[in-house]
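Here is a friendly walk through one chain, from its overall build down to a few chosen residues. Keep the viewer open as you read.

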Amino acid sequence: MERPLPLRSEFLFTLSGTVGSPVEVGMTPQGDRRIVPIEGGDFEGPRLRGRVLANGADWMNVRPDHVFAIDCRAALETHDGALIYMRYAGFRHGPPEVMDALARGESVDPSEYYFRISPTFETGRDEYSWLNQIVAVGVGRRVPSGPIYDVYEIL
């Protein structure tokens, strides 16, 4: 049997988002649905930087097993005016006392809960077209103003 290929990654950017109050859809057959509006933010990395536009949202679902299933769509604008559509899915979960502390807006060490995303990107700008062709993953942490993600390109 051949050895598995190593998984390599390269840091892409850190994104700090700000979010508004959730719109509570309520309990559905799939779980407790809420829509969390994106109010803005910024991102910065070695190859791109800019701001998060205030026109997206996370169509979050808190499943019956208490896992926060993330379904987010956002628009990024680079420092030079390029628009990038970013969509990501992921999960946030942890022990009940940790998740309750996060819900109260308390500071929690990110090592105490799981928060991962898998973003994809679309853009029409040539200088950022490489984003259309990559696989990326993000490691998140939650602060009162919103999520912070360290996003990596999988090489």
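## Overall build

A compact globule of 155 residues would have a radius of gyration near 15 Å, and the chain has 16 Å, which agrees; the radius is taken over C-alpha atoms, and the globule rule is 2.2 Å times the number of residues to the power 0.38. This is a predicted model, in which local features need pLDDT of at least 70 and side-chain atom pairs count only at pLDDT 80 or more, while totals for chains, interfaces and linings use all residues. Residues are numbered from 1 along each chain as its sequence is written, and side-chain values use heavy atoms, leaving out hydrogens and water.

Along its principal axes, the C-alpha trace spans about 50 × 45 × 30 Å. The chain holds 1 helix and 10 strands, where helices (H or I, at least four residues) and strands (E, at least two) are DSSP runs numbered from the N terminus. In sequence order the pattern is β-β-β-β-β-β-β-α-β-β-β.

Of the 155 residues, 40% are buried; buried means under 20% relative accessible area, exposed over 50%, and partly exposed in between (1.4 Å probe, protein chains only). Among contacts (heavy atoms within 4.5 Å) with a separation of 6 or more, 52% join residues 24 or more positions apart. The exposed area of the chain is about 8,900 Å², with carbon and sulfur atoms supplying 53% of it; accessible areas come from the Shrake-Rupley method with a 1.4 Å probe, and for residues only the protein chains shown count as cover.

## The helix

Which residues of α1 are buried? In this helix, residues 96-103, they are Val-98, Met-99, Ala-101 and Leu-102. Seen down the axis of α1, these buried residues fall within an arc of 155°, so they line one face of the helix; the arc is that of the directions from the helix axis to the C-beta atoms. They pack against β6 (68-78), β7 (83-93) and β9 (135-143). On the face turned away from the buried side sit the exposed residues Pro-96, Glu-97 and Ala-103. Just after α1, Gly-105 takes a positive phi of about 85°.

## Three residues to look up

His-66 also has a positive phi, about 70°, although it is not a glycine. The table sets His-66 beside two strand residues.

| Residue | Place | Relative accessible area |
|---|---|---|
| His-66 | loop between β5 (57-62) and β6 | 60%, exposed |
| Ile-38 | strand β3 (residues 31-44) | 12%, buried |
| Ala-75 | strand β6 | 16%, buried |

What does Ile-38 touch, not counting residues up to four places away in sequence? Its contacts include Thr-18, Val-52, Leu-53, Ala-54, Cys-72 and Ala-74. Ile-38 and Gly-146 are 108 residues apart in sequence, yet 8.8 Å apart in space, C-alpha to C-alpha.

Leaving aside neighbours within four places in sequence, Ala-75 is in contact with Arg-51, Val-52, Leu-53, Asn-55 and Ile-84. Ala-75 and Tyr-85 are 10 residues apart in sequence and 4.7 Å apart in space, C-alpha to C-alpha.
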